[in-house]
Each structure stands twice: as structure tokens, then as C-alpha cells.
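User: I would like to learn how to read a few features of a protein model, beginning with its ligand site. Could you take me through them one at a time?

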Amino acid sequence: MLNIALPKGRLGEKVYDILERAGYPCEAIKENGRKLIFENTELGIRYFWVKPSDVSIYVERGAADIGIAGKDILLEYNPNVYELLDLNIGKCRVAVAGKKGFRDDTRRTLKVATKFVNIAKTHYRSVSRDIDIIKLNGSIELAPILGLSDVIVDIVETGTTLKENDLDVLETIVPISARLISNKASFKFKTAEIEKLVEGVRLQIKEND
Ligand code: PRP
């Protein structure tokens, strides 16, 4: 049985569609209930929905053999897994944003609000900028507006959230997309099954999305 961790939400539905087209359907998953685990015993697969930021934890610890996680999560938590494929969906970027017209005063420590503490630290270390990190868990855009921070480091997809809150992108740190990841031991013991799935999925990936 191949255990597959899917990220709950809009991205997960896209991912499931790709897997279905790749030959790994599980009809029951489309019923909009509260069930979290779905099996297709004939194909030997078991899907489960997990919080997107938890996918790499399930995969790293072997509760899932494979999973789909955003590159943002992989950069932030650096899990000990194999990254097998870029799915070319869930595209966005991690960026620095601030109030319109914000100018960095480099004589002062920069206050940075984010849920991506490690990505932010690595970025500012690379430009030797002193920062004070304020870890938040959501609605990060509020921080500069309320004076909690000078800037934020956060996901920007369409840019709508920033626009509607009078914030601007100051700098892009890294482009993001969804990645298929595998537990290292699973890859060793279920190589053929995993490679077959990866090849099936690869054929369904649209290059220029
Ligand atoms: C993310 C991110 C931004 C928003 C960006 O939030 O933190 O708030 O999406 O998307 P946009 O550029 O298309 O407006 P998410 O929905 O993941 O929720 P969160 O506030 O819990 O992080």
C-alpha cells in the first residue's frame, strides 16, 4: 500500500485531479464529507488529507510514503525527504512587502513579521541586514499596517491581499510551486511503485502553466 499525503484545500484538489488523470483515482474522495482517509485497494493506494504545512512532517516520519508540499514549506522546515518532481502548480512567490513608499532605514534594526522565520532569516543574513523577527501565524499583512513590524515576508500569489491593504511588494525572495516529495526509506523499499507514480504524474504536468 502506498500512502499519499495530500494538502487539504484548493491545491490538494488540483493535485488529486492530476493523480486521477495519472491513473490513481479514488472516487470516494470527491464526496464532500469530513472523512480524511480514502483507499483504492485495487490500486494499492491510500490518500489522506493533511494541513498543507504538515505534509512534510507525515512524509519525513514515514506516516506517508509520498506527499505534495509547497516549496515554501520545504525551504522553511528543510525536512529530510526526497524532492522528486516540480508539479508546476500552486505557483506563487515568497516576497518582502511593506507599506506603499516604505524606505528601509539601515541604521535601525528592521522589524520583520512572518510565519517563514527561517526563510526570512536566511534572506536577511545573505544581505547582512540586522532584523528582529516577529513570528505570526496568519493575516501577516496586518503587521505593518498596525505598526507591529516594518515589513512582512509572506506568500504573494495574485497580489490581491497586498493591494487591498495598501501594501506593495518590495522584493521577491524566491518563486514557489508544489513539489512531490518522498520518504527516504519508502523510496528505497517501494522504488518501483513510487517511480511508476512519479512517471504517470510527470506526463500530466503542464509545462507552461
Ligand atoms: C496567503 C498569504 C497571503 C495570501 C496571498 O494566505 O499569506 O495572505 O495568501 O494571496 P494573494 O496574493 O492571491 O492575495 P493564506 O490564504 O494561505 O492564509 P494565511 O493568512 O493563513 O496565511
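Analyst: We will go through the ligand site, then the backbone, then the cysteines. This is a predicted model, in which local features need pLDDT of at least 70 and side-chain atom pairs count only at pLDDT 80 or more, whereas totals for chains, interfaces and linings use all residues. Residues are numbered from 1 along each chain as its sequence is written, and side-chain values use heavy atoms, with hydrogens and water left out.

User: Which residues are around the ligand?

Analyst: A residue is near a molecule if one of its heavy atoms lies within 4 Å of it. Here the residues around the ligand are K115, G138, S139, E141, D154, I155, V156, E157, T158, G159, T160 and T161.

User: Which polar side-chain atoms lie at short range from an oxygen atom of the ligand?

Analyst: A polar contact is a pair of N or O atoms within 3.5 Å. A polar side-chain atom of E141 lies 2.6 Å from a ligand oxygen, and one of T161 lies 2.4 Å from a ligand oxygen. The backbone takes part as well, since a polar backbone atom of E157 is 2.8 Å from an oxygen atom of the ligand. Taken alone, the ligand exposes 500 Å², of which the protein buries 64%, with accessible areas coming from the Shrake-Rupley method with a 1.4 Å probe.

User: Which element gives the most to the shell around the ligand?

Analyst: Helices (H or I, at least four residues) and strands (E, at least two) are DSSP runs, numbered from the N terminus. β9 gives the most, with 3 residues.

User: What is the phi of N78 and of S139 near?

Analyst: Most residues other than glycine have a negative phi. In this model, phi of N78 is near 45°, a positive value, and phi of S139 is likewise near 45°. N78 is found in the loop between α3 (71-77) and β5 (82-86), while S139 is placed in the loop between β8 (131-135) and α5 (142-145).

User: Are N78 and S139 buried or exposed?

Analyst: Buried means under 20% relative accessible area, exposed over 50%, and partly exposed in between (1.4 Å probe, protein chains only). N78 is exposed because its relative accessible area is 63%, and S139 is exposed because its value is 53%.

User: How many disulfides are there, and are C26 and C92 buried or exposed?

Analyst: A disulfide is a pair of cysteine sulfur atoms within 2.5 Å, and by this rule the count comes to 0. C26 counts as buried because its relative accessibility is 4%, and C92 counts as buried at 17%.

Conventions
A polar contact is a pair of N or O atoms within 3.5 Å; within protein, one must be able to donate a hydrogen and the other to accept it, and residues adjacent in sequence count only if both atoms are side-chain atoms.
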